[in-house]
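Here are my notes on the model, set out as numbered points. Please read them with the structure open.

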Amino acid sequence: MSDTVKDLNGRTPATAATGKDGAAADGGSPGGEGRNGKRSGSTRVLRPATLKQPRLPRWAPAALVAGSLGVGVLTGVLGGLESRLQWGLIAALVFVAATFAVTTIVEGRRQATDRLAASLVWTSFVVAILPLASLLWETIARGIPGVSWYFLTHSMNGVLSWQEGGGIYHALLGTVQQVLLASVIAIPIGLLTAVYLVEYGRGRLAKTITFFVDVMTGIPSIVAGLFVLSMWIMMLGFGYSGFAGALALSILMMPIVVRSTEEMLKLVPGELREASLALGVPKWRTILKVVLPTAIGGITTGVMLALARIAGETAPIILLVFGSNMINSNPFEGAQSSLPLFVYEQWAFGTESAYDRAWAAALVLIAFIMILNLVARGIARWKAPKTGR
Amino acid sequence: MPAIQTDSSPPGGGLEPEPRRTSAVRPGDRIFSGLSKGAGITLLVIMAAIAVFLSIRAAVAIEANDGNFLTTFEWDANASPPYFGIAVLLFGTVVSSVIAMVLAVPVAVGIALFISHYAPRRVAGILGYVVDLLAAVPSIIYGLWGALFLVPQMTGLYSWLDQFLGWTGVFAYDNTPARSLMTVGILLAIMILPIITSVTREIFKQTPKAHEEAALALGATRWEVIRMTVLPFGRSGVISASMLGLGRALGETMAVATVLSPAFLINISLLESGGGTFAQNIASQFKEAGSMGRDALIASGLVLFLLTLLVNGAARLIIARRKEFTS
């Protein structure tokens with residue numbers, strides 16, 4: 001893509017100049033704006049010998065980046081600005097402005113606008129990457145000292161907030177149990193719904209379901225938590241438990257499973273279905289034996305991404321599982337804990353050792369989710385659906 | 001059941017090569033299609049149940065409320081005539097989400113363009129992957145990072161803003177820790193970047209190649225190509241992506257609960273602490289709430305639910321209409 005652009009841009013003035021006279025030169029300023037036509041007209045008179053428009057050297061962007069970073073740091077140091085954010089902002093502004101100015105002088109207005117857009121795009125990319133990199137870096141750097149075998153295999157029972165030690169075993173156990181329970185509820189419903197939408201659903205009902213699945217992906221997790229609270233705990237009178245949390249998590253998980261499964265089922269070529277049906281195989285067996293196995297890789301990926309998504313949910317857990325410092329291996333009775341909830345609780349204590357535990361648990365949580373993600377992507381790559389291409 | 005069968009089999013018969021004259025439906029087929037239809041209906045029932053159950057509890061709370069649910073500036077739901085209102089929460093939720101959207105959308109469009117049109121192909125592939133991974137980072141970790149790393153970083157920037165724009169009142173700053181709606185908005189912006197980026201990128205990728213090549217053939221620069229073909233094509237996609245992001249930001253709980261230092265007042269200055277959002281208020285008040293307090297929180301949750309329903313529904317409608325239009 002980028003190569004074609006460069007080629008064309010480089011060639012445009014040359015082809016324009018190989019033409020006989022003014023008409024061709026006008027073709028070289030395709031913006032069609034009178035201003036450009038005039039400009040190229042005047043430059044033609046001034047520099048008849050050169051065929052190429054003047055271009056900035058290839059090292060110019062790099063030089064501009066370095067220069068503007070220098071300016072940013074310099075103003076930061078001289079002006080006594082304490083936050084690196086300000087340094088960065090100044091550098092970014094200087095970079096964008098300088099690029100525009102320099103290009104306007106050397107290459108002309110249109111190229112300058114082009115470079116302005118490019119520099120804005122690059123800047124926005126950097127602006128977005130920095131906080132995310134910082135987030136990962138902070139979590140890893142502050143989390144690693146706290147993670148140990150002891151940390152992974154002990155609970156917080158009897159550990160006071162300001163004391164060192166303690167661990168996340170109870171939280172890990174809770175997270176795993178709640179996520180598994182949620183997926184036991186959500187996966188069958190999600191899969192069947194997707195099958196309905198792709199294989200059976202026609203007409204208004206299918207459209208309604210599709211719309212509400214989409215809307216359901218946007219339900220705030222805390223609202224799902226409140227719903228289960230009002231139904232399961234307040235109306236039906238059950239207590240706080242891991243299962244109540246799992247119910248809320250399953251509500252959050254269902255639409256994700258439906259969405260990804262639906263996409264995957266749509267990729268299964270119709271010929272496969274037709275071949276199976278033509279052999280006299282009933283439709284339900286066709287779906288179970290032909291359609292689903294063909295798409296199983298993608299479906300697994302979607303399910304694991306959904307798992308990764310709900311494993312990090314905190315809000316419904318606060319409302320429904322309540323949190324506990326002790327190991328409770330029965331998700332159907334009594335308060336449990338979970339990793340995200342553990343991070344939140346430790347953060348709320350606000351002591352140094354609690355912060356350390358919070359970072360360490362956050363690192364474990366991120367690692368857990370990233371592993372789920374990577375495994376999911378791996379499966380996706382390994383078992384990519386065999387489409388008709 | 002028979003009505004359902006007549007509903008679904010004729011179009012199915014039209015699409016599949018199944019001969020129509022074997023009209024006797026196999027029991028296996030009937031069970032399976034019934035099951036899958038049932039699952040779909042379950043989803044609808046859950047959505048309806050959410051609305052119904054929240055409304056029931058909310059009605060109890062609003063009935064007992066001594067203040068005005070919409071305009072009261074206090075949250076005293078555990079008092080014996082409960083006295084609470086959502087004015088502050090509504091303000092905080094909307095303001096922080098709008099800040100997040102205003103900050104995130106241009107950057108997200110920039111990244112999406114970077115991935116689809118500027119980055120070298122291999123880098124673009126990796127970047128798309130990274131963006132998807134980042135969408136998976138749990139909100140509590142953003143919250144932890146925001147509270148312990150971002151907040152101290154913001155102080156300098158805010159006193160700067162105060163120095164130059166403090167006269168507006170909106171950017172006045174008193175050098176307290178920056179646990180304000182603005183910081184929340186910035187954090188939310190970082191959090192909703194991945195979703196806006198990935199939706200926008202998909203839309204930009206669908207720009208007809210012929211349009212772009214036509215623009216290039218006319219000698220357009222890369223920016224002109226984008227302005228003339230990619231942006232007009234992707235406009236509705238960008239709008240719906242930002243609304244999806246807005247929906248996320250509205251309902252975000254943990255990042256707000258950790259960063260914001262809440263207070264039931266509307267502070268004109270966005271840089272100073274105070275205010276609150278629906279989700280944050282529910283998460284932080286829940287443990288102290290009695291039964292009436294919970295009902296009141298559920299009432300505020302219902303408002304949040306309706307708000308996100310509205311935003312997400314609108315976004316999806318725009319996407320759906322666009323799909324019909326293009327395909």
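1. Into which domains is chain A divided? There are two entries: domain 1 covers 54-141 and domain 2 covers 169-382. Their C-alpha centres lie 41 Å apart. Keep in mind throughout that this is a predicted model.

2. The secondary structure of chain A is helical. The chain has 16 helices and zero strands. Of its 389 residues, 46% count as buried. Long-range contacts carry much of the count: among contacts in chain A with a separation of 6 or more, 69% are between residues 24 or more positions apart.

3. Helix 11 of chain A deserves a look. This helix runs over residues 242-267 and has 26 residues. From first C-alpha to last it reaches 37 Å, close to the 38 Å expected at 1.5 Å a residue. Helix 11 of chain A is also mostly covered, with 23 of its 26 residues buried.

4. Where in helix 11 of chain A does the kink lie? Go to Met253(A), where the kink is about 30°. The proline Pro255(A) follows shortly after.

5. Chain B mixes element types. Its secondary structure comprises 11 helices and two strands. Read from the N terminus, the order is α-α-β-β-α-α-α-α-α-α-α-α-α. The two strands therefore need no searching for: under the DSSP numbering used here, they come after two helices in that order.

6. How does chain B compare with a compact globule of 327 residues? Such a globule would have a radius of gyration near 20 Å, whereas chain B has 25 Å. The C-alpha trace of chain B spans about 75 × 65 × 30 Å along its principal axes.

7. Burial in chain B stands at 51% of the 327 residues. Its contacts reach far along the sequence. Of those between residues at least 6 apart, 73% join residues at least 24 apart.

8. Now the interface. In it, 84 residues of chain B are in contact with 90 residues of chain A. Which element of chain B gives the largest share of the side that touches chain A? Helix 2 of chain B (residues 27-64) does, with 19 residues. By residue class, the side of chain B that touches chain A divides into 52 nonpolar, 23 polar and nine charged.

9. A remark on reporting. Interface size is often given as the accessible area lost when the parts come together. The figures in the previous point are residue counts instead: 84 for chain B and 90 for chain A.

Conventions
Residues numbered from 1 in each chain as written. Chains lettered and ligands numbered in written order. Predicted model: local features only at pLDDT ≥ 70, side-chain atom pairs only at ≥ 80, totals over all residues. Contact = placed C-beta atoms within 7 Å. Helix = DSSP H or I, 4+ residues; strand = E, 2+ residues; numbered from the N terminus. Nonpolar A, V, L, I, M, F, W, Y, C, P; charged D, E, K, R; others polar. Buried ≥ 20, exposed ≤ 12 C-beta atoms within 10 Å, placed from the backbone. Expected span 1.5 Å × (residues − 1). Bend = angle between axes of the 7 residues up to and from the residue. Rg over C-alpha atoms; globule rule 2.2 N^0.38 Å. Domains from an automatic or database assignment.
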